[in-house]
Amino acid sequence: LPTATPTPSPKRVFATGKTYDGNLEGLSGADSKCQERADFAKLGGTWKAWLSTTTINAKDRINDGRYIRIDGQPIADNKADLTDESIINQININESRNLVGGLSSDVWTATKADGTVQGTTICSNWTTNDKSGSVCNNKLAAFNGSTTFSNKWWTSSDTSSCCNFNRLYCF
């Protein structure tokens, strides 16, 4: 008898229920924030933020596979589908399976629809909120996506000052 090939488990995705300024303490700090939210919701697994820096592309930080939101709704069939300028459903569910969006729909990414870096300042590679005391300097910014879109704007819709508070996508 032929041996059945096991179907790999899909990769899960959520947008954080919390928001953060642009000083994420680098990629490792952003990954820790995703892990913290996943652990809080008892999701298990190892989580990474969908973020690019001036030298690292977001698409190279995550494993290939079928992607689903944590409520089971499909996002993309594989990494090529994830980075082809549209996704199946919005990533608008947080780690607690609640809908997110509205006025707080922006998500830090610095990532174009093809999964590669967008921009050059990127909040100093996620290490500054560009504040001087309580004053936002508004000189440094990073591109962001939005939980309200399933076209290319899910990952690349606008820019935010590094002192703004945005969500993270966690894979």
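Here are four short exercises on strands, rings and one buried residue, each with a worked solution.

This is a predicted model, in which local features need pLDDT of at least 70, side-chain atom pairs count only at pLDDT 80 or more, and totals for chains, interfaces and linings use all residues. Residues are numbered from 1 along each chain as its sequence is written, and side-chain values use heavy atoms, with hydrogens and water left out.

**Exercise 1.** Work out which strands of the open three-stranded sheet stand at its edges.

*Solution.* Begin with the vocabulary: strands (E, at least two residues) and helices (H or I, at least four) are DSSP runs, numbered from the N terminus. Two strands pair if DSSP finds at least two bridges between them. Now read the order, which is β4-β7-β8 with antiparallel pairing. The edges belong to β4 (106-108) and β8 (158-161); each has a single partner strand, so one side of each lacks a neighbour in the sheet. To finish, look at one pairing: β7 (residues 141-146) and β8 run antiparallel and are joined by four bridges. Within β8, Ser161 is the bridge partner of Ala141.

**Exercise 2.** Find the partners of strand β1 and the direction of each pairing.

*Solution.* Recall that strands of a sheet pair through backbone hydrogen bonds, either parallel or antiparallel. Take β2 (residues 67-69) to start with: three bridges join this strand to β1 (residues 11-15), and the two run parallel. Here Lys11 stands opposite Tyr67. Next comes β9 (residues 169-170), which pairs with β1 in the antiparallel sense over two bridges. In that pairing, Phe14 has Cys170 of β9 as its bridge partner.

**Exercise 3.** Decide whether Gln118 is buried or exposed, and list its contacts.

*Solution.* Locate Gln118 in the loop between β4 and α3 (122-126). Then apply the cut-offs: buried means under 20% relative accessible area, exposed over 50%, and partly exposed in between (1.4 Å probe, protein chains only). Gln118 has 16% relative accessibility, so Gln118 counts as buried. Contact means heavy atoms within 4.5 Å. Leaving aside neighbours within four places in sequence, Gln118 touches Ala110, Thr111, Lys112, Phe143 and Ser156.

**Exercise 4.** Find the ring that lies under the charged end of Arg37.

*Solution.* Check the rule: NZ of Lys or CZ of Arg must be within 6 Å of the ring centre and within 35 degrees of the ring normal. The ring is that of Phe40, with the charged end of Arg37 sitting over it, 4.6 Å from its centre.
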